[in-house]
Amino acid sequence: MDSAPPSLFSPVPLPCSFFEPSARIVAPNLLGHWLLRRTPDGSWAGGEIVETEAYLADDPACHGFRGETARNRSMFGPSGRAYVYFIYGNYFCFNTVCARPGVAEAVLIRAIAPTFNSAWMRKNRPVKHDRELTSGPAKLCLALGIERALDGVELVSLPSEVIVAANPNRKQFVRKNGPITATARIGISTAVDLSLRFLLGGNEFVSRRHR
DNA sequence: TAAGTGATGCAT
DNA sequence: TGCATCACTTAA
């Protein structure tokens, strides 16, 4: 099904309009679509998004809640771009920017299935089992080589280093791994009661400890 | 369960 | 300028 040779694979990026609604809407809609990273040989690595979190403009847990800074600038830009930030002195996390310019909303990608070019991802992040490869927000950034240089890049344009592409078989993927469930978000200390984490509980690559 | 890691942002 | 905090991971 999803195992076509990466070099023959021509993904179609999701359109800008996909990311224009509130992150609350976009976050569940992203489940089952593809997060893809261009590799040095021009092929694609990545896989199906299986866990997301929405961060909203009026949400104290959102990095943009207290206004624009150098760090969160991309969140205030147009939708369909990446917001990549550095955290805990070691790691990067990857978001898709949503809503219109000036409105700081984004979707944190917390886990993907390592469907395409997992050999390349394992070079970036050596692990015993594929299960550990991309089952967390910083894990997938390591596996895909996502770092600060990719902050702000267009996710809707094929020449980009990172894109979010339409999975033509999304419906089947969601049916097989779903239903989509919503829970509280992970690792935050404010707005802990909001149900803005979305996941496909039947998929083994959902982040481990918080299934 | 806790330590590691350093940028970030707000208080001083 | 200083310091608490942090949308995490790993080793134990």
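These are my notebook entries on two DNA strands, the cysteines and the nonpolar cores of this structure.

**Entry 1: the model**

I am working from a predicted model. I keep that in mind for each entry below.

**Entry 2: DNA strand B**

I began with DNA strand B. Which residues are closest to this strand? I found Thr69, Arg71, Tyr88, Gly89 and Asn90, out of ten residues that surround DNA strand B. I then sorted the surface near the strand by residue type. Three of its residues are nonpolar, three are polar and four are charged.

Next I asked which part of the strand comes within 4 Å of the protein. Sugar or phosphate holds 67% of those atoms of DNA strand B, and bases hold the rest.

I looked up single polar contacts too. Thr69 puts a polar side-chain atom 2.6 Å from a phosphate oxygen of DNA strand B. Asn90 has a side-chain N or O atom 3.3 Å from a sugar or linking oxygen of the strand. Gly89 uses its backbone: a polar atom there is 3.4 Å from a base nitrogen of DNA strand B. So my list for this strand has a phosphate contact from Thr69, a sugar or linking oxygen contact from Asn90 and a base contact from Gly89.

**Entry 3: DNA strand C**

I moved on to DNA strand C. How many residues surround this strand? I noted 22, and the closest are His63, Tyr85, Asn95, Arg125 and Ala138. Of the atoms of DNA strand C within 4 Å of the protein, 59% are in sugar and phosphate. The surface near DNA strand C has 13 nonpolar residues, five polar ones and four charged ones.

Where does this surface come from? I found that β3 (82–87), β4 (91–97), β5 (106–112) and α3 (137–144) each give at least two residues to the surface near DNA strand C.

I wrote down three phosphate contacts. A polar backbone atom of Ala138 is 2.7 Å from a phosphate oxygen of DNA strand C. For a polar backbone atom of Pro137, the distance to a phosphate oxygen is 3.3 Å. Ser189 works through its side chain, with an N or O atom 3.0 Å from a phosphate oxygen.

**Entry 4: the cysteines**

I searched for disulfides. A disulfide is a covalent bond between the sulfur atoms of two cysteines. The structure has zero of them. Why do Cys93 and Cys141 form no bond? Their sulfurs are 6.0 Å apart, which is too far, although Cys141 holds the closest cysteine sulfur to that of Cys93. My cut-off is 2.5 Å. For Cys98 the closest cysteine sulfur is in Cys16, at 10 Å, again too far for a bond.

I also checked burial. Cys93 is buried, at 7% relative accessibility. Cys98 is buried as well, at 0%.

**Entry 5: the nonpolar cores**

I looked for the largest nonpolar core and found 46 residues in it. Which members touch the most other members? They are Leu30, Leu35, Phe94 and Ile109. Another core, of 13 residues, lies apart from that one, and its members include Met75, Phe76, Ala104 and Leu108.

I followed Ile109 further. Beyond four places in sequence, Ile109 touches Leu30, Leu35, Ile49, Glu51, Thr52, Phe94, Thr96, Pro137 and Leu140. Pro137 also has the backbone contact with DNA strand C.

**Entry 6: Thr96**

I ended with Thr96, one of the residues that Ile109 touches. Thr96 sits in strand β4. Is Thr96 buried or exposed? Thr96 is buried, at 0% relative accessible area. Beyond four places in sequence, its contacts include Phe19, Leu30, Arg81, Glu105, Leu155 and Val164.

How values were computed: Residues are numbered from 1 along each chain as its sequence is written. Chains are lettered from A and ligands numbered from 1 in the order in which they are written. This is a predicted model: local features need pLDDT of at least 70, side-chain atom pairs count only at pLDDT 80 or more; totals for chains, interfaces and linings use all residues. Side-chain values use heavy atoms; hydrogens and water are left out. A residue is near a molecule or strand if one of its heavy atoms lies within 4 Å of it. A polar contact is a pair of N or O atoms within 3.5 Å; within protein, one must be able to donate a hydrogen and the other to accept it, and residues adjacent in sequence count only if both atoms are side-chain atoms. Ala, Val, Leu, Ile, Met, Phe, Trp, Tyr, Cys and Pro count as nonpolar, Asp, Glu, Lys and Arg as charged, and the others, Gly among them, as polar. Buried means under 20% relative accessible area, exposed over 50%, partly exposed in between (1.4 Å probe, protein chains only). A nonpolar core is a set of buried Ala, Val, Leu, Ile, Met, Phe, Trp, Tyr and Cys residues joined through side-chain atoms within 4.5 Å. Contact means heavy atoms within 4.5 Å. Helices (H or I, at least four residues) and strands (E, at least two) are DSSP runs, numbered from the N terminus.
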